Amino acid sequence: MSALTLYASDVVALARKDLRLELRARDTLPAMLLFVLSTLVVFHFALPTGTADDAAYGLLWIALIFTALLGLARAWAPEREGGALDGLVLAPCDRSAIWLGKTLAVLVFLTAAELVALPAFALFFAPVDLVAVAGVVLASIGICAVGSLLAAMAAASRGREVILPLLFLPLAIPLIVGGVGAGISPEGATYLTFLGLYDLVFAILAWATFEYVITE
Amino acid sequence: MIDVAAAAAGPVVLGEGLEKRYGRKRVLRGVSFAVPRGGFLVVTGANGAGKTTLLRLVAGLAAPTGGVLEVSGDRRDLGFVGHEPLVYQELTALENLELFGRLYRVADRRERSGMLLERFGLWDARSDRVSTYSRGMIQRLALCRALLHDPALLVLDEPFTALDEDGAGVLDMELSALAGERTVMLSTHDPARVEALATDRLVLA
């Protein structure tokens, strides 16, 4: 097998392991689904009638970002228990495969939450067009790529519950700007390009730096 | 030119003046040792002397803050047992060994997993989640994981911890079989147990 095939095989095995763990423990996904849905319901009743769609889109992104944060906070919990992360670090696979596998698994969870959130948003607030959906997809990739790296950093520290939001939220601001812009601006394509560039730059950074994050 | 014969005869693990600090706390200070190919180094010392830190450095799980550490080979050549089992609690023993066997590129991982689980008395519990295991069973699984890829260098941090007499007996036999063929670094509070196998000793103060 070529090096690339082996790398892809490692990534798939690691992501599949996370999905299997979630199917068994159901620690993360149900919490994310309930959170995003209940947040949108609360926003629905909290907003005055006649509030502009622009404001509603902002609230959608608040709900999505904090839902992602909920998932990211749990992302490395299975690796913390029993020192499994050390087991992965010792393995001769490329360490970036550990990050990529985790990113894919978190992306699956976040996508599932968005599949609930977007219809609920359309029901409660405003219709969602294809550009807005593309914005959600691109922003989700960025959220998971950056978030998985930062969650690994936070997982190694004592104050992980505080550190993760402190690290993640500032870096998520461009994603929120891009996501909201794609949803409400007539120049949605510009925002999609911006999100694509963000994903590319931060995915490469996370891929290249992960090894240094997980070793003492 | 590289002298291949000399390189092969050189130590598998060499530490010179090793130092490790965590912030202002110095855990290791000026530790020097060498483990030749096929050697069996027993590391002893009081609690807090730095045994675990030293073995984590050798395993590559931490980097020294001073001194020189050379470990021949790559991660594929190393088997490590630490204070934690390094396995997933919500996977079964077989699933854990399948995952790590894949990451270690073990071609016959199913057969080898089965053989190790049988040898360490875990075959009947192979499909149970690790979270349901006793401490001793978890330690046995940790040993299976460390031996799965047949490593040339075994780094074992107090491997007898939590094992009952049966488990300790199996580990005794494994170590006896590996001694001389594989290079072993082992920390223990009971050096008498491995006295017959030891070729070198390192006492950390």
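**A parallel sheet in chain B and its contact with chain A**

In chain B, five strands (DSSP runs of E with at least two residues, numbered from the N terminus, as helices are for runs of H or I with at least four residues) form an open sheet in the order S5-S6-S7-S3-S8, and the pairing, which requires that DSSP finds at least two bridges between two strands, is parallel. Strand S5 (78–81) and strand S8 (200–204) of chain B each have a single partner strand and stand at the edges, so one side of each is left without a neighbour in the sheet. On average, and with direction ignored, neighbouring strands of this sheet are turned by 10 degrees against each other; axes are lines fitted to C-alpha atoms, for helices over the stretch in contact, and angles run from 0 to 180 degrees between N-to-C directions.

This is a predicted model, in which local features need pLDDT of at least 70 and side-chain atom pairs count only at pLDDT 80 or more, whereas totals for chains, interfaces and linings use all residues. Residues are numbered from 1 along each chain as its sequence is written, while chains are lettered from A and ligands numbered from 1 in the order in which they are written.

Within the sheet, strand S3 (residues 40–45) and strand S7 (residues 183–187) of chain B pair in the parallel sense over four bridges, and B:Val43 has B:Ser187 as its bridge partner in S7(B). Helix H5 (residues 135–147) of chain B packs on the sheet, where it touches S5 and strand S6 (153–157) of chain B, and its direction makes about 170 degrees with that of S5(B).

The contact between the chains (C-beta atoms, placed from the backbone, within 7 Å) takes 20 residues from chain A and 24 residues from chain B. On the side of chain A that touches chain B, helix H1 (3–25) and helix H5 (84–90) of chain A are the elements that give two or more residues, and the largest share, six residues, comes from H1(A).

Conventions. Contact = placed C-beta atoms within 7 Å.
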